[in-house]
Every structure is written in structure tokens, then in C-alpha cells.
Amino acid sequence: MAAQLVREWVGIEQFPAATRDSVVELLADLFKQNVDTLTILVLGKGGVGKSSTINSIIGERVVTVSAFQSETPRPVMVSRSRGDFTLNIIDTPGLVEAGYVSNQVLDTIKSFLGRFLMTKTIDVLLYVDRLDAYRVDNLDKQIVKAITESFGKEIWHKAIVVLTHAQLSPPDALSYEEFFAKRSESLMKCVRQGARLSKKDVQNNVIPVALVENSGRCNKNEHDEKILPIGTPWIPNLIQTVSEIVLNGQKGIIVDQRLIEGPNANDRGKLFIPLILAFEYLFVIKPIQRGIKNDAAREAKPLWA
């Protein structure tokens, strides 16, 4: 594995005391469950707040965010340690270019994973979108489909849907809870369809939805913690959700050669070869043989027959 700089996680100390204590306790609980390394992959469209969310989780400006550049131009892994616990979190470019899902970006991400995490696991996927993006369209479904084809359906067993820009006033006189329910359900329907998750998959592996507000204008409670409009401190809530996914009993996604290279083109369709051969024999070769046999039989008869 390529060398990766792991720095002390000093950003935790920048959190308000209540947030810091909650996060430290959650990390300690993970460590007690023999989780000493946690790797989070962050995916989504550009401009949805992936980099800002990473900065909020780390408690430092570890990824550059600019009004003139909506996303990181290439994958970046930020590694932080606290005691014997290490967090790796991977920021990625947006998956859409010129209105289409970019397979080149996905290949770049997988190549990056191969360099830094070969034989390691992706423990959590944060699939990031915006709460205030009111519509879900076919492009969203294509993004989910592309992620599934690149990482396997099992990636959704380790996924959290993260909705940023959570501090908003809902339209159409909806309550905040109603708007959140409608927005999250429409996006979850898109994930189920794009990933082709079965009813059993959906029932056995519920994908949680977490709300995030990275803006400095985010409301705060009496403990100076950033809170959602429903009053929940969102950073401890997100870390809690991450912890639950890590410990949900599903295996992480192993970064190996098969994941990096994708399905072998020479293997595609091999399952259909026996069926094709049987079809050719029954409907092509056999009729030809029968015709030759009949012609030979006619030629062998005497002229007066």
C-alpha cells in the first residue's frame, strides 16, 4: 500500500465540549468492538457539499472548498488518528460531467483506492445529496446504477444517504418533518431502483438518512453545538449513524484487483454460451444434417423407384 500521512486528530478539540465528548465516546465504543480503523468513502454529484461535510467531521479545513471550485478535482484521502484509532475519509470528484455519469471519474476513484487501500476495506459509504434539491430524476438513478456496477450491490449495505443544506424553510406550507420525509423517500426510491435492491434487501438492510448543515450560519443550541431545525446536534448524530453502519453485521467492501479492474470483458456472457450452442445445434445444425441425410437418401434410390 502506498504511504499515507496520518496526522493527529486535533480537530476534535475544536468541537464544542458536548459534541467533542459525544464523538470521543462513540469512537471509544467502536474501539471496544475491535474497530481500530474506519474508512469512509464519500460519493455524489458535484456541488452537493461532500468536501464541506468532510471538513465538518474532521473539525478542520482539510479539503479546500471554494465558491469558484465546487469540488475536489481528484480523490483525496484524509487520515486522522486519536490514540490507537484511525479514521480515513476519502473525498471524491463529482460523478457527473456534462450532464452524464462519468465512468472516467469512477475509474479514477477506483484506481486511487487501489493505490492507497489495496486489501483494505471500505467500511462506510456516504452518498451525499442536497435536502433542498426538490426533484429526483433519471440522472440520479443512473448515478446509483453506476456506483452499484462499480462497487457491487453490497456497497448499499454499508451506506448512509447524507442530505446537506438541511437548514431550510420547506415550500408549500409543509412542516420540516413532512418535507424531509418526502425528500428522503423519493431519493430512497431512486436508490432502490438504481441499485435494483430486492424487497428482502430493503427490509434487511435499511439505509439510514442523515441531515447535515455545514454553513457557519447553522443554528446552535445552548451548548454551542450545531443543530438541525428539529433540534438535533447533527455532528454527533452523523457519527452515531456511521458507528451503527460499521457494526451492522455486514462485511465491508474489500478493495482488491477485481474491484479495481471491474468485470473481465472476456467473462461477459459466458453463462449464455451453453444456451447459444444448444440453440445452434437444435435449430441450425440439426436441420442441416437432416436435409443432407434426406438428399442422400433420395439420390441412393433407383431411377424407377
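User: Which residues line the largest cavity?

Analyst: Keep in mind that we're looking at a predicted model. In it, the lining of the largest cavity is made of Trp 9, Leu 27, Leu 30, Leu 38, Ile 40, Ile 57, Phe 85, Leu 87, Ile 239 and Val 242. Four elements each give two or more residues to that lining: helix H1 (17-32), strand E2 (37-44), strand E4 (85-91) and helix H7 (234-246).

User: What makes that space a cavity and not a pocket?

Analyst: It's about the way out. A 1.4 Å probe fits in a cavity but cannot get out, whereas a pocket is open. The largest cavity holds about 70 Å³ of space. If you set the bar at 30 Å³ or more, the count is one cavity.

User: How do the residues of the lining divide into nonpolar, polar and charged?

Analyst: Ten are nonpolar, none are polar and none are charged. You can check it by name: Val, Leu, Ile, Phe and Trp are all on the nonpolar list.

User: H7 gave residues to that lining. Why is H7 called largely enclosed by the rest of the structure?

Analyst: Count the buried ones. Ten of the 13 residues of H7 are buried, so this helix is largely enclosed by the rest of the structure. Those residues are Trp 234, Ile 235, Pro 236, Leu 238, Ile 239, Thr 241, Val 242, Ser 243, Ile 245 and Val 246. Two of them, Ile 239 and Val 242, also line the largest cavity.

User: And how far does H7 reach from its first C-alpha to its last?

Analyst: H7 spans 18 Å with its 13 residues, close to the 18 Å you'd expect at 1.5 Å a residue.

User: Let's do rings. How many aromatic pairs does the structure hold?

Analyst: There are three. Let's go through two of them, starting with Phe 112 and Phe 116.

User: Why is the pair of Phe 112 and Phe 116 called tilted?

Analyst: First, the distance: the ring centres are 4.6 Å apart, and a pair needs them within 6.5 Å. Next, the angle: stacked means under 30 degrees and edge-to-face means over 60, with tilted for the rest. The planes here sit at 40°, so tilted it is.

User: Where do Phe 112 and Phe 116 lie?

Analyst: Both are in helix H3 (residues 103-117), four residues apart, which is about one turn of the helix. Phe 112 has 10% relative accessibility, so it counts as buried, and Phe 116 is also at 10% and buried. The cut-off for buried is under 20%.

User: What makes the pair of Tyr 134 and Phe 179 edge-to-face?

Analyst: Their planes are 80° apart, and the edge-to-face label starts over 60 degrees. Centre to centre they are 5.6 Å apart. Tyr 134 is in the loop between strand E8 (124-130) and helix H4 (138-151), and Phe 179 is in helix H5 (residues 176-194), so the pair ties together parts that are 45 residues apart in sequence.

User: Is Tyr 134 buried or exposed?

Analyst: Exposed, with 51% relative accessibility, and the line for exposed is over 50%. Its partner Phe 179 is buried, with a relative accessible area of 6%.

User: How do you know the count of disulfides?

Analyst: You look for cysteine sulfur atoms within 2.5 Å of each other. By that rule, the count is zero. As for the cysteines themselves, Cys 190 is buried at 3% relative accessibility, and Cys 218 is buried at 5%.

User: What is unusual about phi in Ala 98?

Analyst: Most residues other than glycine have a negative phi. Ala 98 is not a glycine, yet its phi is positive, about 55°. You'll find Ala 98 in the loop between strand E5 (96-97) and strand E6 (100-101). With 76% relative accessibility, Ala 98 counts as exposed.

User: And what about phi of His 165?

Analyst: Phi of His 165 is positive too, near 55°. His 165 is in the loop between strand E9 (159-164) and H5.

User: Why is His 165 called partly exposed?

Analyst: Buried means under 20% and exposed means over 50%. His 165 has 31% relative accessibility, so it counts as partly exposed.

User: How do you know whether Thr 53 is buried or exposed?

Analyst: Thr 53 is at 2% relative accessibility, and buried means under 20%, so Thr 53 counts as buried. It belongs to helix H2 (residues 50-58).

Definitions and conventions: Residues are numbered from 1 along each chain as its sequence is written. This is a predicted model: local features need pLDDT of at least 70, side-chain atom pairs count only at pLDDT 80 or more; totals for chains, interfaces and linings use all residues. Side-chain values use heavy atoms; hydrogens and water are left out. On a 1 Å grid over the protein atoms alone, a cavity is a set of points where a 1.4 Å probe fits but cannot get out, and a pocket is an open set with protein on both sides within 12 Å along at least five of seven lines; lining residues have an atom within 4 Å of a point. Grid points are joined across faces, edges and corners, and a volume is the space filled by probe spheres set on the points. Rings of Phe, Tyr and Trp (its six-membered ring) pair if their centres lie within 6.5 Å; planes under 30 degrees apart count as stacked, over 60 as edge-to-face and the rest as tilted. Buried means under 20% relative accessible area, exposed over 50%, partly exposed in between (1.4 Å probe, protein chains only). The expected span of a helix is 1.5 Å times one less than its number of residues.
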